[in-house]
Amino acid sequence: VRGGGIWRGVLAAPPNQPFLPTGVGKSSLLLRFADNTFSGSYITTIGVDFKIRTVVINGERVKLQIWDTAGQERFRTITSTYYRNTHGVIIVYDVTNPESFVNVKRWLHEIGQNCDSVCKVLVGNKCEDPSRKQVETADARRFSEQMGVRLFETSAKENLNVEEMFNAVTAMVLRMKQENLARLQHPEVVKINRPKKKPPVKKCC
Ligand SMILES: Nc1nc2c(ncn2[C@@H]2O[C@H](COP(=O)(O)OP(=O)(O)OP(=O)(O)O)[C@@H](O)[C@H]2O)c(=O)[nH]1
Ligand SMILES: [Mg+2]
């Protein structure tokens with residue numbers, strides 16, 4: 001939203017399975033983007049958290065309010081409410097953990113049901129080490145094309161593609177808002193065929 005408004009975005013991920021040791025890196029992506037820091041230790045997010053960062057896109061200042069949701073299943077009912085009134089959603093999986101990729105489809109569907117018009121992107125995080133990669137880029141790309149969402153591979157650890165990904169989502173949101181505004185200002189002219197008025201009957205004296 002321009003002019004001091006706030007762009008609201010959500011980082012979401014398939015819930016962690018109990019046997020999975022780590023999260024996919026939602027908080028780490030946000031920390032990298034907002035504070036340009038990274039920590040190797042894992043502190044799971046409780047409920048939700050958020051950070052704010054202002055960016056300039058195409059000469060426009062945009063204030064981003066980014067909500068970081070908990071991946072753990074037990075917080076699911078709290079976090080799903082955050083999709084409402086949101087402009088963009090970043091769905092994150094971990095490229096070293098195929099389980100995290102499996103549930104992405106369900107999440108895309110759930111977001112589609114909870115958000116009116118929302119820009120979605122799919123993010124494969126932890127991409128810095130090709131030898132640890134278990135979700136192939138080609139498979140992820142095929143899936144993202146099927147679902148009609150853009151795919152980014154990032155590393156919060158090595159700061160790869162993080163800025164580009166957040167900027168791309170912001171640009172998508174701005175474009176969507178401009179299109180909506182243009183539609184409001186120039187609504188399509190709908191011609192309604194009114195019954196033609198009968199020509200006045202000429203009276204003769
Ligand atoms: N190698 C590598 N590790 C990462 C990367 N991003 C995050 N991690 C690590 O993965 C673990 C989980 O990161 P978090 O950011 O806490 O994950 P999360 O998705 O927020 O997890 P929940 O809050 O539990 O849902 C931490 O130990 C991070 O250091 C990355 O790009 N590369
Ligand atoms: Mg977290």
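1. A word to start with: a residue is called buried when its relative accessible area is under 20%, and exposed when that figure is over 50%. Keep it in mind for helix α5, where A140, F143 and S144 are buried. Those residues cover an arc of only 100° around the axis, which puts them on the same side of α5. Look at the other side of α5 and you'll find R142, E145 and Q146, which are exposed. There's a handy rule behind this kind of pattern: an α-helix has 3.6 residues a turn, so residues three or four places apart point the same way. One caution before you go on: this is a predicted model.

2. What do the buried residues of α5 pack against? Their partners are β4, α3, α4 (104-114), β5 (119-125) and β6 (150-153). S144 makes a nice example to click on. At 2% relative accessibility, S144 counts as buried. Setting aside neighbours within four places in sequence, S144 touches L122, V149 and L151. Just past the end of α5, have a look at G148, which takes a positive phi of about 70°.

3. Now step back to the whole chain. The protein has six helices and six strands. Reading from the N terminus, the order of the elements is β-α-β-β-α-β-α-α-β-α-β-α. Of the 205 residues, 44% are buried. If you take contacts between residues at least 6 apart in sequence, 73% of them join residues at least 24 apart.

4. On to the cores. In soluble globular proteins, nonpolar side chains tend to be buried together. Here the largest nonpolar core has 26 residues, and those with the most contacts inside it are I90, V121, V123, M165 and F166. The elements giving two or more residues to this core are α1, β2, β3, β4, β5 and α6 (162-185). Helix α6 supplies the largest share, with nine residues. There's also a second, separate core of 23 residues, which includes V118, A140, F143 and V149. You met A140 and F143 in point 1, among the buried residues of α5.

5. V121 deserves its own visit, as one of the residues with the most contacts inside the largest core. Which residues does V121 contact, leaving aside its neighbours within four places in sequence? They are V89, I90, I91, R150, F152, M165, V169 and M172.

6. Next, the aromatic rings. Searching the whole structure turns up five aromatic pairs. In one of them, the rings of W67 and Y82 have centres 4.8 Å apart and planes at 45°, so this pair is tilted. W67 sits in strand β3 (residues 60-69), while Y82 is in the loop between α2 (76-80) and β4 (88-94), so the pair ties together parts that are 15 residues apart in sequence. W67 is buried, with a relative accessible area of 13%. A further pair is F101 with F143, and this one is edge-to-face, at 5.6 Å centre to centre and 75° between the planes. F101 belongs to helix α3 (residues 98-102) and F143 to helix α5 (residues 137-147), so this pair links distant parts of the chain, 42 residues apart. Both F101 and F143 are buried.

7. Two more ring details to check on screen. F50 joins W67 and Y82 in one aromatic cluster. Elsewhere on your list, put R53: its charged end sits over the ring of F33, 4.3 Å from the ring's centre.

8. Don't skip the metal. The magnesium ion (ligand 2) is coordinated by S27 (OG) and T45 (OG1), at 2.0 to 2.1 Å. S27 lies in helix α1 (residues 26-35) and T45 in the loop between α1 and β2 (48-57), so these two tie together parts that are 18 residues apart in sequence. Are the two residues buried or exposed? S27 is partly exposed, with a relative accessible area of 29%, whereas T45 is buried, at 14%.

9. Last stop: N85, in the loop between α2 and β4. With 67% relative accessibility, N85 counts as exposed. Try finding N114 as well: the C-alpha atoms of N85 and N114 are separated by 9.1 Å, and the two residues are 29 apart along the chain.

Definitions and conventions: Residues are numbered from 1 along each chain as its sequence is written. Chains are lettered from A and ligands numbered from 1 in the order in which they are written. This is a predicted model: local features need pLDDT of at least 70, side-chain atom pairs count only at pLDDT 80 or more; totals for chains, interfaces and linings use all residues. Side-chain values use heavy atoms; hydrogens and water are left out. Rings of Phe, Tyr and Trp (its six-membered ring) pair if their centres lie within 6.5 Å; planes under 30 degrees apart count as stacked, over 60 as edge-to-face and the rest as tilted. Helices (H or I, at least four residues) and strands (E, at least two) are DSSP runs, numbered from the N terminus. Buried means under 20% relative accessible area, exposed over 50%, partly exposed in between (1.4 Å probe, protein chains only). A charge sits over a ring if NZ of Lys or CZ of Arg is within 6 Å of the ring centre and within 35 degrees of the ring normal. Donors are N, O and S atoms within 2.8 Å of the metal (3.2 Å for Na, K and Ca); water is not among the atoms, so sites may look incomplete. The arc is that of the directions from the helix axis to the C-beta atoms. Contact means heavy atoms within 4.5 Å. A nonpolar core is a set of buried Ala, Val, Leu, Ile, Met, Phe, Trp, Tyr and Cys residues joined through side-chain atoms within 4.5 Å.
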